[in-house]
Amino acid sequence: MTEQRLPRIAMGLQLLATCALVLLPLAILWAIAVPSMAMFQLPTFSEVPRSDWSLVTWIGLMVGFLPAVFFWLAVNKMRSLFALYRLGDPLAPDAGPLIKSIGGNLMIGAILIIAVVPVQSLLMSLGNPVGQRSISISLNSSTIGFILVAGLLSLIGWSMSEATKIAAENREFV
Amino acid sequence: MEIVVRLDVMMAKRKIKGRELAAQIGITEQNLSLLKSGKVKGIRFETLGKLCDALDCQPADILEAV
């Protein structure tokens, strides 16, 4: 039953991941072109009139998209993983390293989400007179949850790598 | 010390063909061939037991340390 369902579910998820791979860069381009769009949480940038944007503001905006690069990489690996699962072998040798890589990319993305806020706030207030510059740090429960999930995925990937090694060794026994 | 598989000798003694033996113990002919040539990492106790049953012999008749 599971063997039959796995390729079917994997096919759907692979399609979803492929769509996400195409849509994520488009969404970023859209957010850059129209920063006031509510789909991205860029209130700081949308409040500044576009005519007042300096090079530093643009750099601040770009820095905000850094985590998305790693999320895109993670989705790309997810797509490869789903393609592998479509073949119906969850213990394929490449599955473990792929899950580990997904976890790693998500972890970097999550850490960058935390790191981006101080960098952005500093860049945004860099042009202010001395005494009005600021730096802020933000950490919320969803980011912590994200880090935990990324860590969990890395560990699962690690154990999957071990499991695939054992499965490969088992196949050499008659 | 190296372990050598003497399965082909026992099969010749019992006058049993590979296809027949493979079917009897429930493994593929390909795996039996790999086992005969010693190109496997190991043999499960279960397979060894079935081989001994089918060939009416002891594990030492199939495996030999040289």
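A salt bridge here is a side-chain nitrogen of Lys or Arg within 4 Å of a carboxyl oxygen of Asp or Glu. By this rule, four salt bridges are counted over all chains of this predicted model.

**Figure 1. Overview of chain A, a chain with six helices and zero strands.** Along the sequence the pattern reads α-α-α-α-α-α. Chain A has 174 residues, and 31% of them are buried. Among its contacts with a separation of 6 or more, 71% join residues 24 or more positions apart. The chain exposes about 10,500 Å². Carbon and sulfur atoms supply 70% of that area.

**Figure 2. Overview of chain B, a chain with five helices and two strands.** The order of elements is β-α-α-α-α-α-β. Of the 66 residues in chain B, 30% are buried. Contacts between residues at least 6 apart in sequence were also examined: 60% of them join residues at least 24 apart. The exposed area is about 4,500 Å², with 50% of it from carbon and sulfur atoms.

**Figure 3. Helix H4 of chain A, residues 66-86.** H4(A) has 21 residues. At 1.5 Å a residue, the helix should span 30 Å. Its end C-alpha atoms are 31 Å apart, so the model agrees with the expected span. The buried residues of H4(A) include the aromatic side chains of Phe71(A), Phe82(A) and Tyr85(A). Pro67(A), Ala68(A), Ala74(A), Val75(A), Leu81(A) and Leu84(A) are buried as well. Gly88(A) follows the helix. Its phi is positive, near 90°.

**Figure 4. Asn105(A), a residue of helix H5 in chain A.** Asn105(A) has a relative accessibility of 11%. The cut-off for buried is under 20%, so Asn105(A) counts as buried. Beyond residues up to four places away in sequence, Asn105(A) touches Phe70(A), Leu73(A), Ala74(A) and Lys77(A). One of these partners, Ala74(A), is itself among the buried residues of H4(A).

**Figure 5. Val117(A) in helix H5 of chain A.** Val117(A) is partly exposed, at 24% relative accessible area. In sequence, Val117(A) and Ile137(A) are 20 residues apart. In space, their C-alpha atoms are 6.0 Å apart. With neighbours within four places left aside, Val117(A) contacts Ser136(A) and Ser138(A).

**Figure 6. Ser121(A), a buried residue of helix H5 (residues 95-124) in chain A.** The relative accessible area of Ser121(A) is 14%. A polar atom of its side chain lies 2.9 Å from the backbone oxygen of Pro118(A). Outside its neighbours within four places in sequence, Ser121(A) is in contact with Ser134(A), Ile135(A) and Ser136(A). Ser136(A) is also a contact of Val117(A).

**Figure 7. A nonpolar surface patch on chain A.** Four residues make the patch: Val22(A), Leu23(A), Leu26(A) and Leu29(A). Its area is about 400 Å². Val22(A) is placed in helix H1, residues 2-33 of chain A.

**Figure 8. The salt bridge between Glu162(A) and Lys165(A).** The closest N and O atoms of the pair are 3.4 Å apart. Both residues belong to helix H6, residues 141-171 of chain A. They sit three residues apart, about one turn of the helix. Glu162(A) is partly exposed, at 38% relative accessibility. Lys165(A) is exposed, at 54%.

**Figure 9. The salt bridge between Glu29(B) and Arg19(B).** The closest N and O atoms lie 3.4 Å apart. Glu29(B) is in helix H3 (residues 29-37) of chain B, and Arg19(B) is in helix H2 (residues 18-25), so the bridge ties together parts that are ten residues apart in sequence. Glu29(B) is partly exposed, with a relative accessible area of 42%. Arg19(B) reaches 62% and counts as exposed.

**Figure 10. The salt bridge between Glu46(B) and Lys50(B).** The side chains meet at 3.6 Å, N to O. Both residues lie in helix H4 of chain B, residues 45-55. Four residues separate their positions, about one turn of the helix. Glu46(B) is exposed, at 53% relative accessibility. Lys50(B) is partly exposed, with 36%.

Note on methods:
Residues are numbered from 1 along each chain as its sequence is written. Chains are lettered from A and ligands numbered from 1 in the order in which they are written. This is a predicted model: local features need pLDDT of at least 70, side-chain atom pairs count only at pLDDT 80 or more; totals for chains, interfaces and linings use all residues. Side-chain values use heavy atoms; hydrogens and water are left out. The expected span of a helix is 1.5 Å times one less than its number of residues. Buried means under 20% relative accessible area, exposed over 50%, partly exposed in between (1.4 Å probe, protein chains only). Patches are made of residues with over 30% relative accessible area and no salt bridge: like charges are joined within 9 Å, nonpolar side chains (Val, Leu, Ile, Met, Phe, Trp, Tyr) within 5 Å. Accessible areas come from the Shrake-Rupley method with a 1.4 Å probe; for residues, only the protein chains shown count as cover. A polar contact is a pair of N or O atoms within 3.5 Å; within protein, one must be able to donate a hydrogen and the other to accept it, and residues adjacent in sequence count only if both atoms are side-chain atoms. Contact means heavy atoms within 4.5 Å.
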